[in-house]
Amino acid sequence: LHVVDAATGATTVQPLGQPFDEVALSPDGRWAVAFFSASAQPSADEVLRNPNAVAILDLEDTGSDVEPQEKNVRSFGDVPLGVVFSPPTMKPMVAGGGTGAARTLAVVFASGYVTFLDVARPERSEVTVHLTLPGQGQTVIPEEMVFAPDSGTIFLRAAGANDIYAFTLAARTPANDTENDFVISVNTLAAGTTPGDVAQVD
């Protein structure tokens, strides 16, 4: 991956371990996630490919020994459709009042589920949330996500769903370095029919 400073023209090269064909960039320009698109086809010289692999890159870390952090997100038969980022001020809520530490989340969209990654702590496990109940036959495709950092809440609009999904982050104490310091609860907000948009009003 070639990262070009628009102000100076300086280029930094960050080698990727796999031939990803899509890159999502955080709004503040610090983080990038490289992934395989749904249409990506292996080249003739590839022996193995995990279509659910992603690489997390900190674009402010420009040392010569910097390496992207690769992860394999959970797969339930579908490949990523896209990646969106929260603001860097996203905080889990603490029971009894207050908030946990601020962080940037990357959210991987896939048919029927979304996966949350704490980009600053790639060693921690991802959190995957299904958008349908077991046995339901409908297809639900995540399309638009809105973040409300002050309340630790994330709203999702999805094709095939008549509701808006509301994900709330709650702080927790992890038992080890690979566990997250938050859990996610899910509620649905009835819209009456398939919503065409979602927005946050301050």
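This report describes the nonpolar cores, salt bridges and internal spaces of a predicted model.

## Nonpolar cores

The largest nonpolar core holds 21 residues, and the members touching the most others are Val 114, Phe 116, Met 145, Ile 154 and Phe 167. At least two residues of this core come from each of the strands β8 (105-110), β9 (113-118), β10 (127-130), β11 (141-148), β12 (153-159), β13 (163-171) and β14 (182-190). A second core, separate from this one, has 13 residues, including Ala 24, Phe 35, Ile 56 and Val 108.

Phe 116 illustrates how the larger core is joined. Beyond its neighbours within four places in sequence, Phe 116 is in contact with Leu 105, Ala 106, Val 107, Glu 126, Val 127, Val 129, Met 145, Ile 154, Phe 167 and Ile 184. Among these contacts are Met 145, Ile 154 and Phe 167, which are also named among the core residues that touch the most other members.

## Salt bridges

Side chains of opposite charge can pair when their charged atoms come close. The model contains ten salt bridges. Three of them are set out below.

| Salt bridge | Closest N to O distance |
|---|---|
| Lys 71 and Glu 126 | 3.8 Å |
| Asp 181 and Arg 124 | 3.4 Å |
| Arg 157 and Glu 144 | 2.9 Å |

The salt bridge between Lys 71 and Glu 126 has an N to O distance of 3.8 Å. Lys 71 belongs to strand β6 (residues 69-72) and Glu 126 to the loop between β9 and β10, so this pair ties together parts of the chain that lie 55 residues apart in sequence. Lys 71 counts as buried because its relative accessibility is 14%, under the 20% limit for that class. Glu 126 also counts as buried, with a relative accessibility of 11%.

The surroundings of Glu 126 extend beyond its charged partner. Leaving aside neighbours within four places in sequence, Glu 126 is in contact with Lys 71, Asn 72, Val 73, Arg 74, Thr 115, Phe 116, Leu 117 and Asn 180. This list includes Phe 116, a member of the largest nonpolar core.

In the second pair, Asp 181 and Arg 124 form a salt bridge whose closest N and O atoms are 3.4 Å apart. Asp 181 is located in the loop between β13 and β14, and Arg 124 in the loop between β9 and β10, so the bridge ties together parts 57 residues apart in sequence. Both Asp 181 and Arg 124 are buried. These two residues also take part, with Arg 103 and Asp 118, in a network of salt bridges.

The third pair consists of Arg 157 and Glu 144, which meet at 2.9 Å, N to O. Here Arg 157 of strand β12 is linked to Glu 144 of strand β11, 13 residues apart. Arg 157 counts as buried, at 11% relative accessibility.

## Cavity and pocket

Rolling a probe the size of a water molecule over the atoms shows where empty space is left. One cavity of 30 Å³ or more is found, and the volume of the largest cavity is about 30 Å³. Its lining consists of Lys 71, Phe 116, Leu 117, Asp 118, Arg 121, Arg 124, Ser 125, Glu 126 and Asn 180. Strand β9 provides the largest share of this lining, with three residues. By class, the lining has two nonpolar, two polar and five charged residues. Lys 71 and Glu 126 both line the cavity and form a salt bridge with each other. Asp 118 and Arg 124 are also lining residues, and both belong to the salt-bridge network.

The largest pocket encloses about 160 Å³ of space. It is lined by 13 residues, and those nearest its centre are Trp 31, Ile 56, Asp 58, Glu 67 and Gln 69. Strand β5 (residues 53-58) contributes the most to this lining, giving three residues. The pocket lining comprises eight nonpolar, two polar and three charged residues. Ile 56 is among the residues nearest the pocket centre and is also a member of the second nonpolar core.

## A loop position

Val 94 occupies the loop between β7 (82-85) and β8. Val 94 is partly exposed, with a relative accessible area of 35%. Apart from neighbours within four places in sequence, Val 94 is in contact with Thr 99, Gly 100 and Ala 171. The C-alpha atoms of Val 94 and Val 146 are separated by 21 Å, the two residues being 52 residues apart along the chain.

Conventions. Residues numbered from 1 in each chain as written. Predicted model: local features only at pLDDT ≥ 70, side-chain atom pairs only at ≥ 80, totals over all residues. Heavy atoms only, no water. 1 Å grid on protein atoms, 1.4 Å probe; cavity = no way out; pocket = protein on both sides within 12 Å on 5 of 7 lines; lining within 4 Å. Points joined across faces, edges and corners; volume = space filled by probe spheres on them. Helix = DSSP H or I, 4+ residues; strand = E, 2+ residues; numbered from the N terminus. Nonpolar A, V, L, I, M, F, W, Y, C, P; charged D, E, K, R; others polar. Core = buried A, V, L, I, M, F, W, Y, C linked by side-chain atoms within 4.5 Å. Buried < 20%, exposed > 50% of the residue type's maximum accessible area, 1.4 Å probe, protein only. Contact = heavy atoms within 4.5 Å. Salt bridge = Lys/Arg side-chain N within 4 Å of Asp/Glu carboxyl O.
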